[in-house]
Amino acid sequence: MTHPADLTLPPPRTPGGPYRICCVCLGNICRSPMAEVVLRAQLDKAGLADKVVVDSAGTGDWHIGDAMNGRARDQLARAGYDGEAHHARQIDAYWLPGRDLILAMDEANLRDLRALASATDAGRIRLFGEIADLGGRDVPDPYYGTADDFAAVLTLLETGMANLVAQLKQIQ
């Protein structure tokens, strides 16, 4: 699998250490925690769980401390994932130097994240739909949608995370 240079994974900040990824959406109760859970499961299945550290956060502060949205958690459970332990957090600029890759779920979050970042960190912030080989698609926010919208998001995340894990295998 080949990727244009701007879509390849940033190199690890600490060679030999774990690769650190943060998934980011708006409130950290739907898309980014679903992405975190799916990525962790796929890393475990690929034998990379001890080589890649994953977390998630939101750009907004509305849901800090809240559990994952019930419809997101239910959708994950139907597919065999566990989202029960999640509590929403808001990303802070001081986190960025500690991550190798920050995955924005959509263009709006990408802009917000890049506004927080130093020039050094900005190149590590990527749109999930690009880096995960989904044609640059945004992961749509299902918050005001139906169960079908949450199912569509999960399908998109599973496909994209499989692509991302394939890339992570190449750098580990």
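**Exercise 1. Locate Asp50 in this predicted model and decide whether Asp50 is buried or exposed.**

Step 1. Asp50 is found in the loop that runs between H1 and strand E2 (52-58).

Step 2. The relative accessible area of Asp50 is 63%. The cut-off for exposed is over 50%, so Asp50 is exposed.

Step 3. Gly17 lies 33 residues from Asp50 along the chain, and the C-alpha atoms of the two are separated by 9.8 Å.

**Exercise 2. Describe how H1 and H2 pack, and state which residues meet.**

Step 1. Two packed helices are described by the angle between their axes and the distance between the axes. Helix H1 covers residues 31-45 and helix H2 covers residues 70-78; their axes are 10 Å apart, at an angle of about 20°.

Step 2. That angle makes H1 roughly parallel to H2, because angles under 35 degrees count as roughly parallel.

Step 3. The crossing in which H1 passes H2 is right-handed.

Step 4. On the H1 side the residues are Met34, Val37 and Val38, and they meet Ala72, Gln75 and Leu76 in H2. By class, this contact of H1 with H2 has 5 nonpolar residues, 1 polar and no charged.

**Exercise 3. Do the same for H1 and helix H6 (residues 147-171).**

Step 1. The axes of H1 and H6 cross at roughly 45° and come within 9 Å.

Step 2. H1 and H6 are therefore oblique to each other. Their crossing is right-handed.

Step 3. In H1 the contact is made by Arg31, Met34, Ala35, Val38, Leu39, Gln42 and Leu43. The residues they meet in H6 include Phe150, Leu154, Leu157, Glu158, Met161 and Leu168.

Step 4. The residues of the contact of H1 with H6 divide into 14 nonpolar, 1 polar and 2 charged.

**Exercise 4. Describe how H2 and H6 cross, and sort the residues of their contact by class.**

Step 1. The axes of H2 and H6 come within 9 Å, and the crossing angle is roughly 55°.

Step 2. That makes H2 oblique to H6. The crossing of H2 and H6 is right-handed.

Step 3. Arg71, Ala72, Gln75 and Leu76 in H2 meet Ala147, Phe150, Ala151 and Leu154 in H6. In the contact of H2 with H6, 6 residues are nonpolar, 1 is polar and 1 is charged.

**Exercise 5. Decide whether Arg99 is buried or exposed, and list its contacts.**

Step 1. Arg99 is found in the loop between H2 and strand E3 (101-104).

Step 2. The relative accessibility of Arg99 is 14%. Buried means under 20%, so Arg99 counts as buried.

Step 3. Leaving aside neighbours within four places in sequence, Arg99 is in contact with Arg13, Arg20, Cys22, Asp55, Arg89 and Arg124.

Step 4. With Asp55 there is a polar contact: the side chains of Arg99 and Asp55 are joined at 2.5 Å.

**Exercise 6. Place His63 in the chain and decide whether His63 is buried or exposed.**

Step 1. His63 is found in the loop between E2 and H2.

Step 2. His63 has a relative accessibility of 18%. With the cut-off for buried at under 20%, His63 counts as buried.

Step 3. Setting aside neighbours within four places in sequence, the residues in contact with His63 are Gly27, Ile29, Ala88 and Tyr143.

Key:
Residues are numbered from 1 along each chain as its sequence is written. This is a predicted model: local features need pLDDT of at least 70, side-chain atom pairs count only at pLDDT 80 or more; totals for chains, interfaces and linings use all residues. Side-chain values use heavy atoms; hydrogens and water are left out. Axes are lines fitted to C-alpha atoms, for helices over the stretch in contact, and angles run from 0 to 180 degrees between N-to-C directions. Helices (H or I, at least four residues) and strands (E, at least two) are DSSP runs, numbered from the N terminus. Angles under 35 degrees count as roughly parallel, over 145 as roughly antiparallel, 65 to 115 as roughly perpendicular and the rest as oblique. A crossing is left-handed if the near helix is turned anticlockwise from the far one by less than a right angle, and right-handed if clockwise. Contact means heavy atoms within 4.5 Å. Ala, Val, Leu, Ile, Met, Phe, Trp, Tyr, Cys and Pro count as nonpolar, Asp, Glu, Lys and Arg as charged, and the others, Gly among them, as polar. Buried means under 20% relative accessible area, exposed over 50%, partly exposed in between (1.4 Å probe, protein chains only). A polar contact is a pair of N or O atoms within 3.5 Å; within protein, one must be able to donate a hydrogen and the other to accept it, and residues adjacent in sequence count only if both atoms are side-chain atoms.
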